[in-house]
Amino acid sequence: MLIRKKYQLPTMWKFNKKFDIKKLQEEALKLGNSYGNVMETNKALCSNNHELVMSVYKHFKQINLTEFDPSAESPTVESCEALGKTAGTGDESISKIAKYKLKSRRGESLDPALNEHNYNTPTEQYKGTYFEEVVNSFNADAIRVRLVRLDPGKTLTPHIDYDPTYAVRVIVPIFAEKEATNYFWRKSKEEAYHLEADGSAYFLNIGFTHTVVNSGNTPRVSLMFSLKDQSDLQEIPEGNWNETNNMGDLRITNDYKEHKAEADAQQLAV
Ligand SMILES: [Fe+2]
């Protein structure tokens, strides 16, 4: 199988799949309002810098649909601290680079608790749902399946997660107003996308700096997960993807600052 790094893949890609948006919306509403923040819902997925994680994700709420593999070694506070030491805690830029490099090696040297590939055990509320059917329609096994919510007026701090050689991030928007925008920065150009909640599924190249701004009036809710390998990316032809993809017109913008200011203002107002 062709394995590609972030520059060999588009920033985003609309998969050749279509799901039933009504069913997705019904399932999402069934789960009610049991969302928590990333640190509450993923206690084991400790980071070498909790404050950094909280600053990035404090407005990003989720319901986990898969959890830490119980057969993997149990995570401990010590294991988190140990990783913090090897990754260079205290200096955000060093620890981020170290974490990125660790993950670029497909997680082989990661503590099991920090390896997202171990977050693959279905929760009770996930089993037998349409969400499971959607996720299982992909060729690769999924990890960290969750329902995520970004409230109106909220934004995430721009960040990098990991290279697509570590795992392949997929998003299926369920509720999204057109004022919800995904931003990426690639080769110092800002790209902006609205992801329509019409049953489409998208690959997100989260090796590039990215964020989401919800300037709408309702929460943006999505099914989000990662795939263990790149088998589902084989539908993407080889090529130079630095300035194109299959998302229609690639919008090169310079409007993130404006939207962020607007989102921040709304944040103060609520
Ligand atoms: Fe991210």
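**Notebook: two sheets and a core**

I began with Phe184 and found that this residue stands opposite Glu191 in strand 9; strands here, like helices, are DSSP runs numbered from the N terminus (E and at least two residues for a strand, H or I and at least four for a helix). Before going on I noted that this is a predicted model, in which local features need pLDDT of at least 70 and side-chain atom pairs count only at pLDDT 80 or more, while totals for chains, interfaces and linings use all residues. Residues are numbered from 1 along each chain as its sequence is written.

**The four-stranded sheet**

I then looked up how strand 8 and strand 9 are joined, and found that they run antiparallel over five bridges; two strands are said to pair if DSSP finds at least two bridges between them. In general, the strands of a sheet pair through backbone hydrogen bonds, either parallel or antiparallel.

On following strand 9 further, I saw that it also pairs with strand 13 (residues 251-253), in the antiparallel sense and over three bridges, with Thr253 in strand 13 as the bridge partner of Glu190. Strand 8, for its part, is joined to strand 11 by six bridges, again antiparallel, and there I noted Asn214 in strand 11 as the bridge partner of Ala180.

Put together, these four strands make an open, antiparallel sheet in the order 11-8-9-13. Strand 11 and strand 13 stand at its edges with a single partner strand each, so one side of each has no neighbour in the sheet. I recorded an average twist of 35° from one strand to the next, the angles being taken on a scale of 0 to 180 degrees between N-to-C directions of axes, which are lines fitted to C-alpha atoms (for helices, over the stretch in contact).

**The turn at Ser188, and Arg144**

Most residues other than glycine have a negative phi, and I therefore looked for exceptions to this. In the hairpin of strand 8 and strand 9, with two residues between the strands, Lys187 takes a positive phi near 50°. Ser188, in the loop between strand 8 (180-186) and strand 9 (189-193), has a positive phi of about 60° although it is not a glycine.

Is Ser188 buried or exposed? It counts as exposed because it has 5 C-beta neighbours inside 10 Å; the cut-offs are 12 or fewer other C-beta atoms within 10 Å for exposed, 20 or more for buried and anything in between for partly exposed, with C-beta atoms placed from the backbone.

Arg144 is likewise not a glycine and has a positive phi, of about 45°, but this residue lies in strand 6 and counts as buried because it has 22 C-beta neighbours inside 10 Å.

**The seven-stranded sheet**

Strand 6 led me to the other sheet I looked up, an open one of seven strands in the order 1-10-7-12-6-3-2, with antiparallel pairing. Its edge strands are strand 1 (12-14) and strand 2 (36-37), each of which pairs on one side only. Helix 1 (residues 21-30) packs on this sheet, touching strand 6, strand 7 (168-175) and strand 12 (220-227), and its direction makes about 85° with that of strand 7.

Strand 2 and strand 3 (residues 60-64) pair over two bridges, and Gly36 stands opposite Gln62 in strand 3. Gln62 also stands opposite Val148 in strand 6, where strand 3 and strand 6 pair over five bridges. Four of the five residues of strand 3 are buried.

I also looked at Arg149, placed in strand 6 (residues 142-150), which is buried because 21 other C-beta atoms lie within 10 Å. Its C-alpha atom is separated by 5.6 Å from that of Arg220, 71 residues apart along the chain. Leaving aside neighbours within four places in sequence, Arg149 is in contact with Tyr35, Lys61, Pro219 and Val221, contact being C-beta atoms, placed from the backbone, within 7 Å.

**The core**

Last, I turned to the largest nonpolar core, where, of 50 residues, Val170, Val172, Tyr202, Phe203, Leu223 and Phe225 touch the most other members. Such a core is a set of buried Ala, Val, Leu, Ile, Met, Phe, Trp, Tyr and Cys residues joined through C-beta atoms within 7 Å. Among the elements that each supply at least two residues are helix 6 (130-136), strand 10 (202-204) and strand 11 (209-214), while strand 6 gives the most, with six residues. Leaving aside neighbours within four places in sequence, Val172 is in contact with Phe19, Leu24, Val134, Ala201, Ser222 and Leu223.

Notes:
Contact = placed C-beta atoms within 7 Å.
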